[in-house]
Amino acid sequence: MSGTIVVGVDGSDTARKAAEAARDLAASLGATLHVVSAFDGDRSEVFGSGTNKWLVSDADKAGHVARAVADTLGGNINITHAAASGRPADALIREAISKEARIIVVGNRRMRGIGRVLGSVANSVAHNAPCDVYIANTYDAD
């Protein structure tokens, strides 16, 4: 198959499980895995004092999350990462379009109970993606 698989992460355990499923899928299909963390807005904070000040933005934080997950996934595949501006579903779809992705992988968090009624990232991606969507089971077995 080759091509690219996009997965969204936010630092949560469920997103980590989706990323692991995406890694396994990419390995089995010979695809590149593109790990994306979304950020909404671009707030910045200054840390430190005097001449030792650091400016940390939402984009920086999202980039760090994506890179940290990508760096720990391992596997014998090509893995890239990025921070993407916007609501998570919209950011994933834009990244998938820009990378000409064949599949977007999302976790099924918030697809049970009231979250299913109110909406979720997986639901929004599934209804609007320009490519196939794989919804990974990120819930622990009951």
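Helices here are DSSP runs of H or I with at least four residues, strands are E runs of at least two, and both are numbered from the N terminus. On that basis, the elements run β-α-β-β-β-α-β-α-β-α-α-β from the N terminus on. That is five helices and seven strands.

Some ground rules. This is a predicted model: local features need pLDDT of at least 70, side-chain atom pairs count only at pLDDT 80 or more, and totals for chains, interfaces and linings use all residues. Residues are numbered from 1 along each chain as its sequence is written, and side-chain values use heavy atoms, with hydrogens and water left out.

Now the overall numbers. The protein has 142 residues, and 38% of them are buried (under 20% relative accessible area, 1.4 Å probe, protein chains only). Take contacts, meaning heavy atoms within 4.5 Å. Among those between residues at least 6 apart in sequence, 71% join residues at least 24 apart.

Next, the cores. A nonpolar core is a set of buried Ala, Val, Leu, Ile, Met, Phe, Trp, Tyr and Cys residues joined through side-chain atoms within 4.5 Å. The largest one has 20 residues, and Ile5, Val7, Leu33, Val35 and Val105 have the most contacts inside it. Who supplies it? Strand S1 (4-8), helix H1 (13-29), strand S2 (32-39), H2 and strand S6 (103-107) each give at least two residues. H1 gives the largest share, six residues.

Look at Val105. Leaving out residues up to four places away in sequence, Val105 touches Ile5, Val6, Val7, Gly8, Ala18, Ala22, Leu25, Tyr134 and Ala136. Apart from the largest core lies another, of 14 residues, including Val6, Leu92, Ile104 and Val106.

On to helix H2, residues 58-73. Which of its residues are buried? Asp58, Ala62, Gly63, Ala66, Val69, Ala70 and Leu73. Seen down the axis, these fall within an arc of 135°, so they line one face of the helix. The arc is taken from the directions from the helix axis to the C-beta atoms. The length checks out too: at 1.5 Å a residue, 16 residues should span 22 Å, and the end C-alpha atoms are 23 Å apart. The expected span is 1.5 Å times one less than the number of residues. Just after H2, Gly74 takes a positive phi of about 65°.

Last stop, Thr32, in strand S2. Its side chain makes a polar contact of 3.5 Å with that of Asn78 (a pair of N or O atoms within 3.5 Å, one able to donate a hydrogen and the other to accept it; residues adjacent in sequence count only if both atoms are side-chain atoms).

Definitions and conventions: Buried < 20%, exposed > 50% of the residue type's maximum accessible area, 1.4 Å probe, protein only.
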